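Here are some notes for a colleague who is opening this entry for the first time. They concern the surroundings of the two ligands and are meant to be read beside the model.

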Amino acid sequence: MIVEMSQTADADEARALQETLAARFGAVHTVWSATGRLVVCHSAGDDAEPGEVAGLAGVRRVVTSPGPYHLAARALRPAGSRVRVHGVEFGGPGFVVLAGPCAVESTDQLARSAEAVAGAGAALLRGGAYKPRTSPYAFQGLGVEGLRMLGRQRAVSGLGVVSEATQPEEVAKVAEHVDMVQIGTRNMQNYALLKEAGRCGRPVLLKRGFAATAEEWLCAAEYIMSEGNPDVVLCERGIRGYGRETRFTLDLAIVPVVKRLSHLPVVVDPSHATGVPELVVPMTLAAAAAGADGVIVDVHADPSAALCDGGQALLPDDFKALMGDLERVLVACGRELERP
Ligand code: PEP
Ligand code: MN
């Protein structure tokens, strides 16, 4: 259950209300939202009647959410939430395309990708500076130097930039240089990292763990939101399957599922999900038709020379063609591309 305090509640009233709720529910957790303080009351089973607290002094409204997540639950914002990143909005009528190389490799490589994706109409530029690689011997990313390159491309291209933080100590540094902090699939349940992302002051792109249920994914979002950051965008990037034809199994049905469970915007990563450039096109179109709020697509000017995930990257011309196909599907769905 979430208790939203009235905006006129003064400090004494707020304290008294929190004490009353804590006595009833055990520990309560307070976060600030645009409309005032939200007190999360989580009790096992959450069997409290809303009427029990609705009449208490200082209460504006009570939102029932059975848990285990509350702030991420649809009930809090039935109309859906919108997340703004560098002038681009997730969760509104516009479909957001984030694109760029998997990893930032050099100034020239990033510039070529940025030029290609900006020219084709992408809304945000992606690029990893800290890379969580399966093998310790694989390219691990350029670190801070990569973040600086992203910052420079941001100035040149005008596009907001998105990059991953892989451990709590990196979050502040990443947040300083980019417009949106990405949490990768391997870290979806790294709770120290999620909490740090909740305090970083930037919107967060939260990828689904490749073996995570919808509930575990939304609990991960709750970790970020419970630290006071409401700006979370979910990203379905494929779950572990058994076929070898695709890298992972894109779970498109989870898009309408989490949209029913949560008010958070949801995007799809067809590149990491399939690992096959030819499949990125139909899966992007399918994501749009399934009601996703956007896609994140790997694009590289010279995939054969890429230091990370070149095999799944689209060439600039193929990305441009994809954007044309996508616009036609969006029109058919009564939507449009979100422009930077
Ligand atoms: C990425 O987007 O660069 C990435 C590493 O993705 P994932 O965490 O989904 O594997
Ligand atoms: Mn990758």
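1. A word on terms comes before the metal site: donors are N, O and S atoms within 2.8 Å of the metal, and water is not among the atoms, so sites may look incomplete. Please also keep in mind that this is a predicted model.

2. With that cut-off, the protein donors of the manganese ion (ligand 2) are SG of Cys102, NE2 of His272 and an OD atom of Asp309, which lie 2.0 to 2.2 Å from the ion. Along the sequence these donor residues follow the spacing C-x169-H-x36-D.

3. Cys102 and Asp309 link distant parts of the chain, being 207 residues apart. Cys102 sits in the loop between β7 (94-100) and α3 (107-120), whereas Asp309 belongs to the loop between β14 (294-298) and α11 (316-332). Both Cys102 and Asp309 are buried.

4. Turning to ligand 1, the residues around it include Cys102 and His272, each of which is also a donor of the manganese ion. The others around ligand 1 are Arg126, Lys131, Glu164, Gln182, Gly184, Thr185, Arg186, Lys207 and Arg237. By class, this shell divides into six charged residues, four polar ones and one nonpolar one.

5. Which side chains place a polar atom 2.8 Å or 3.0 Å from an oxygen atom of ligand 1? Lys131 does so at 2.8 Å, and Arg186 at 3.0 Å. In the side chain of Arg126, an N or O atom is 2.7 Å from an oxygen atom of ligand 1. Of the 300 Å² of accessible area that ligand 1 has on its own, the protein covers 97%.

Terms used:
Residues numbered from 1 in each chain as written. Chains lettered and ligands numbered in written order. Predicted model: local features only at pLDDT ≥ 70, side-chain atom pairs only at ≥ 80, totals over all residues. Heavy atoms only, no water. Near = heavy atom within 4 Å. Polar contact = N/O pair within 3.5 Å; in protein donor to acceptor, adjacent residues only side chain to side chain. Areas by Shrake-Rupley, 256 points an atom, 1.4 Å probe, with all protein chains shown as cover. Nonpolar A, V, L, I, M, F, W, Y, C, P; charged D, E, K, R; others polar. Donors = N, O, S within 2.8 Å, 3.2 Å for Na, K, Ca; no water. Helix = DSSP H or I, 4+ residues; strand = E, 2+ residues; numbered from the N terminus. Buried < 20%, exposed > 50% of the residue type's maximum accessible area, 1.4 Å probe, protein only.
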